[in-house]
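Trainee: I should like to take a close look at a single part of this model. Please take me through it step by step.

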Amino acid sequence: MIRLHKSSCPKQLTKDIQKTLTDEFIASGYKKAVWNKTYIKSSLLSESHKKCAYCECLIGHGHREMHVDHYYPKKKYPLRVVEWNNLIPSCPHCNKSKNDVDPTEFPIINPYEDDPKDYFYFKGYRLKCKKGRYYEKAKNTLNVFDLNDPDETGMLLYKCGNGILEKIEVIFEDIQTYANTKDLNLCFRILRAIKNILKQGVKDSEYGAYMATIIHSSDEYNNIRDMLIGLNLWSENLESLHQESISIKFDITG
Ligand SMILES: [Zn+2]
């Protein structure tokens, strides 16, 4: 889960259209999916980096079906059924899990208003709730979406995370060989490999916040970066990926 920023309301969703769609929804007995418009879904997808706002899995074309979650549930708050700030892109699992939970009674994180890093830390491939004033909201969110479910994400995070750590270990050995041999082909391979690893821990990548945490908790990664800086090989592009991944990573202690 990463902090998201709401884009401006699509120009097609004017006040008049919002009123018409809301009336249609109420007239249908709260059944008609009036939010199911291409211009709404594509704007939501682009502001969430094509990911579920809650669990960070990829959604939309070629991935899981995209659902539109109503942060304030549409059956209890029908007048907010197409209110732009109430629409959250989500995967089927998260949308169904949240169902009609009312955040005014059972507070849960809104990734457009809350920074998930303030609520969670990530350790042993599991999200943990930070103690303190955010604890209850974090615990509610973890339970509603079952964010540590081994079947949904747990095993995948372990597999991807372990794959990243293995690749980092290989690069760590390669860079020591390069320091002795100055083999240019090896140098290019190292730079390509470290760039590909960092690209897994940015906003656009699936489970980016988790992967960023795994990358930055690796001693070898930090050593590799130091060595590449020392060899004058750490480019602006690598630094920009490095900084982006730092901005979304979780802490590793509570
Ligand atoms: Zn999800």
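Which residues are the protein donors of the zinc ion, and where do they lie in relation to it?

Mentor: Please bear in mind that this is a predicted model. In it, the zinc ion has as its protein donors the SG atoms of Cys-52, Cys-55, Cys-91 and Cys-94, lying 2.3 Å from the ion. The angles subtended by these 4 donor atoms run from 104 to 114°, and the arrangement is therefore tetrahedral, since four donors count as such if all angles lie between 85 and 135 degrees.

Along the sequence, the donor residues follow the spacing C-x2-C-x35-C-x2-C. Distant parts of the chain are linked by the pair Cys-55 and Cys-91, which are 36 residues apart. Cys-55 belongs to the loop between helix 2 and strand 1 (67–70), whereas Cys-91 belongs to the loop between strand 2 (87–90) and helix 3 (92–98).

Next, consider the exposure of these cysteines. Cys-55 and Cys-91 are both buried. For Cys-91 the relative accessibility is 2%, so the residue counts as buried, the cut-off being under 20%. Cys-52 is likewise buried, because its relative accessible area is 2%. As for disulfides, which are covalent bonds between the sulfur atoms of two cysteines, the count comes to 0 when a pair of cysteine sulfur atoms must lie within 2.5 Å.

The loop between helix 2 and strand 1 also holds Glu-56. Although Glu-56 is not a glycine, its phi is positive, at about 75°. Glu-56 is buried, with a relative accessible area of 1%.

Helix 2 (38–47) leads us to helix 1, since the buried residues of helix 1 pack against helix 2. Those buried residues are Gln-18, Leu-21, Thr-22 and Phe-25. Viewed down the axis of helix 1, they fall within an arc of 100°, and so they line one face of the helix. On the face turned away from this buried side, helix 1 carries the exposed residues Asp-16, Lys-19 and Ala-27.

The length of helix 1 may be checked as well. Its 13 residues, 15–27, should span 18 Å at 1.5 Å a residue, and the end C-alpha atoms are 18 Å apart, which agrees. Just after helix 1, Gly-29 adopts a positive phi of about 75°.

Note on methods. Residues numbered from 1 in each chain as written. Predicted model: local features only at pLDDT ≥ 70, side-chain atom pairs only at ≥ 80, totals over all residues. Heavy atoms only, no water. Helix = DSSP H or I, 4+ residues; strand = E, 2+ residues; numbered from the N terminus. Expected span 1.5 Å × (residues − 1). Buried < 20%, exposed > 50% of the residue type's maximum accessible area, 1.4 Å probe, protein only. Arc of directions from axis to C-beta. Contact = heavy atoms within 4.5 Å. Donors = N, O, S within 2.8 Å, 3.2 Å for Na, K, Ca; no water. Tetrahedral: all angles 85-135°; square planar, octahedral: opposite > 155°, others 65-115°.
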